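Visitor: I am new to this structure and would love a close look at a single part. Could you walk me through it slowly?

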2 protein chains.
Amino acid sequence: MSQPLAVGIDIGGTNTVFGIVDRRGNILSQGSIKTKDHQDLSLYMDALHQGIAPFLDRVNGNGNKIKGIGIGAPNGNHYQGTIEFAPNLPWKGVIPLTNLVQEQFNLPVEITNDANAAAIGEMTYGAARGMKDFIMITLGTGLGSGIVINGQLVYGHDGFAGELGHVIVKEEGRLCGCGRYGCLETYVSATGIVRTMHELLKEKETDSVFRNSNSDDITSKSICDAALEGDQLSKEAVDITARILGKALANYIAFSAPEAIILFGGLARAGDLLINPTRKYMNENVLQIWKDKVKLINSELKESDAAILGASALVWEMKE
Amino acid sequence: MSQPLAVGIDIGGTNTVFGIVDRRGNILSQGSIKTKDHQDLSLYMDALHQGIAPFLDRVNGNGNKIKGIGIGAPNGNHYQGTIEFAPNLPWKGVIPLTNLVQEQFNLPVEITNDANAAAIGEMTYGAARGMKDFIMITLGTGLGSGIVINGQLVYGHDGFAGELGHVIVKEEGRLCGCGRYGCLETYVSATGIVRTMHELLKEKETDSVFRNSNSDDITSKSICDAALEGDQLSKEAVDITARILGKALANYIAFSAPEAIILFGGLARAGDLLINPTRKYMNENVLQIWKDKVKLINSELKESDAAILGASALVWEMKE
């Protein structure tokens with residue numbers, strides 16, 4: 001029997017991955033091209049077409065139908081269909097991406113930023129199935145977020161809602177890439193926990209596996225690994241990260257009273273190591289009516305699939 | 001010609017006010033009863049019926065039709081139709097108010113908390129007409145808020161979303177009525193600015209009209225009046241309030257990217273005195289993409305009418 005299928009494209013600074021996805025989140029075929037090898041946008045579009053076209057031919061041959069194409073990209077603007085001033089992509093300025101893709105494939109196209117795509121992916125295929133109100137937090141180099149309210153992704157007036165990594169959590173705190181001080185992502189992210197560890201190494205005399213190590217060896221992964229093996233200073237770095245995140249989440253709950261908050265990405269992979277203390281601090285700091293009521297859970301999507309799934313999920317949200 | 005009309009009921013700790021409202025926000029008739037004189041809920045319901053019934057008779061006599069009844073009340077739970085543990089109302093525990101009102105008037109009834117009612121009122125009749133994304137901040141004894149996203153009031157998973165007065169803005173800050181420390185409303189509200197003035201009088205030696213005054217004479221209104229007349233310490237109290245509010249609003253913008261933030265209530269009545277510095281601090285602290293883009297405006301509803309209008313506006317949102 002023929003079934004509707006979706007194309008998911010995730011554009012990252014290094015690679016662009018894409019795949020054909022069914023309603024249940026099975027990736028039927030997938031491939032990738034190098035984003036950074038294509039400084040020229042029209043050559044990139046050609047390479048993307050060459051990568052995806054064989055998949056589409058096969059789908060059509062099987063009598064199935066592609067419903068549309070969903071794209072997740074940094075600085076993706078859902079309302080405008082553009083990528084705008086993305087610092088880690090090779091193309092500068094405002095790129096009218098959905099128009100370009102639409103012309104090439106003659107299919108409906110939607111775009112959103114990567115954290116929003118993760119939220120929709122989680123709602124469609126993952127831990128947020130059946131939920132109408134939740135917040136997705138993606139912990140990578142920075143901290144991204146996608147907010148779902150009444151079953152709809154929150155875009156706000158201009159399409160840029162959900163910048164929870166840039167909520168200021170500390171007055172005169174750490175300098176952020178955005179030019180301001182004290183943003184949540186300067187503390188809670190892969191780079192944030194590394195900064196915390198460097199500070200702890202300076203401030204404290206506690207012994208640590210990182211005491212004499214090369215600066216390059218201090219990564220969010222090595223800190224989490226060391227914490228799991230009992231390294232005191234690493235445990236402290238994780239605890240500081242969890243406390244700042246837990247308090248921030250307690251404040252976010254006062255905004256949208258979500259059913260759940262879902263963590264995704266590198267730091268979240270540390271599993272219970274980060275999520276358990278974060279939950280404790282969140283419940284210690286939240287308004288009484290929400291104490292022990294809002295779930296804090298890890299994503300259920302496999303990290304290797306999540307980018308394609310998130311992007312593809314945009315297609316199922318399209319109006320007929 | 002016959003027209004649809006709505007009943008708006010606002011339940012406050014002292015008075016309950018009610019009125020008949022048309023689509024455009026004209027209050028055709030209004031009245032009130034004393035909330036606090038009716039410790040017995042069934043006697044209160046009788047008094048409410050006696051107050052409103054003559055209006056309904058007149059409406060029916062004119063050939064118009066009442067579409068429903070909207071109620072704004074502290075701790076009003078939209079999903080449950082209840083008032084839950086409202087500290088300033090005479091009835092304890094959980095009151096199934098919409099059921100009681102529905103039985104008495106045989107009309108559809110909806111309830112929400114007072115700040116949400118203010119937001120819907122503003123969207124229906126006031127400064128937020130035509131807006132789909134805005135945040136309403138009510139500055140009274142405390143700080144209430146109603147958040148509108150995609151044209152819908154945000155209730156969240158449990159109906160209690162939008163407690164922006166209880167976002168913690170200062171670690172180990174002032175003790176709040178909620179039992180925690182540093183909530184926004186301990187600084188930004190009628191009581192908050194009075195606390196600030198008392199602190200300033202202790203900390204500073206600056207001369208002030210309040211230097212030798214009775215503690216009862218220090219109110220949010222007298223502080224604003226004195227600031228307008230040039231009292232240095234009062235100006236400082238207003239500036240501190242504006243700075244804390246402006247920074248908090250900058251963070252809220254990162255959540256929902258609203259078109260506007262609307263201020264309502266006692267403190268907001270001070271007009272430009274509070275709103276101008278608040279706007280300055282908001283724009284100084286917001287993420288670059290929103291700088292000078294989000295409107296900060298005063299409510300356009302007359303304060304004496306706003307409670308009835310807000311409650312009545314719930315009726316126009318009812319499904320047919």
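Visitor: How many helices and how many strands does the secondary structure of chain A come to? After that, please take me closely through the open sheet of chain A.

Guide: Happy to! One thing to know beforehand is that this is a predicted model, in which local features need pLDDT of at least 70 and side-chain atom pairs count only at pLDDT 80 or more, while totals for chains, interfaces and linings use all residues. Residues are numbered from 1 along each chain as its sequence is written, and chains are lettered from A and ligands numbered from 1 in the order in which they are written.

Chain A has eight helices and 13 strands; these are DSSP runs numbered from the N terminus, with helices being H or I of at least four residues and strands E of at least two.

Now to your sheet. Five strands of chain A build it, in the order β3-β2-β1-β4-β8, and their pairing is mixed. Strands count as paired if DSSP finds at least two bridges between them. At the edges sit β3 (27-34) and β8 (109-112) of chain A, each of which pairs on one side only. From one strand to the next, the twist averages 20 degrees.

Let us zoom in on one pair. Strand β1 (residues 4-11) of chain A runs antiparallel to strand β2 (residues 15-22) of chain A, and seven bridges join them. One such link ties Ile11(A) to its bridge partner in β2(A), Thr16(A).

A helix also packs on this sheet: α2 (residues 97-105) of chain A touches β4 (65-72) and β8 of chain A. Touching means that C-beta atoms, placed from the backbone, lie within 7 Å. The direction of helix α2 makes about 150 degrees with that of β8(A); such angles run from 0 to 180 degrees between N-to-C directions, along lines fitted to C-alpha atoms, for helices over the stretch in contact.

Where does the sheet belong in the wider picture? The domain assignment of chain A, automatic or from a database, lists domain 1 (4-121 + 304-316) and domain 2 (130-299). Their C-alpha centres are 28 Å apart. The contact between them draws 11 residues from domain 1 of chain A and 12 residues from domain 2 of chain A. On the domain 1 side, helix α3 (residues 114-125) of chain A gives the most, with six residues.

Stepping back, the C-alpha trace of chain A spans about 65 × 45 × 35 Å along its principal axes.

Notes: Two residues are in contact if their C-beta atoms, placed from the backbone, lie within 7 Å.
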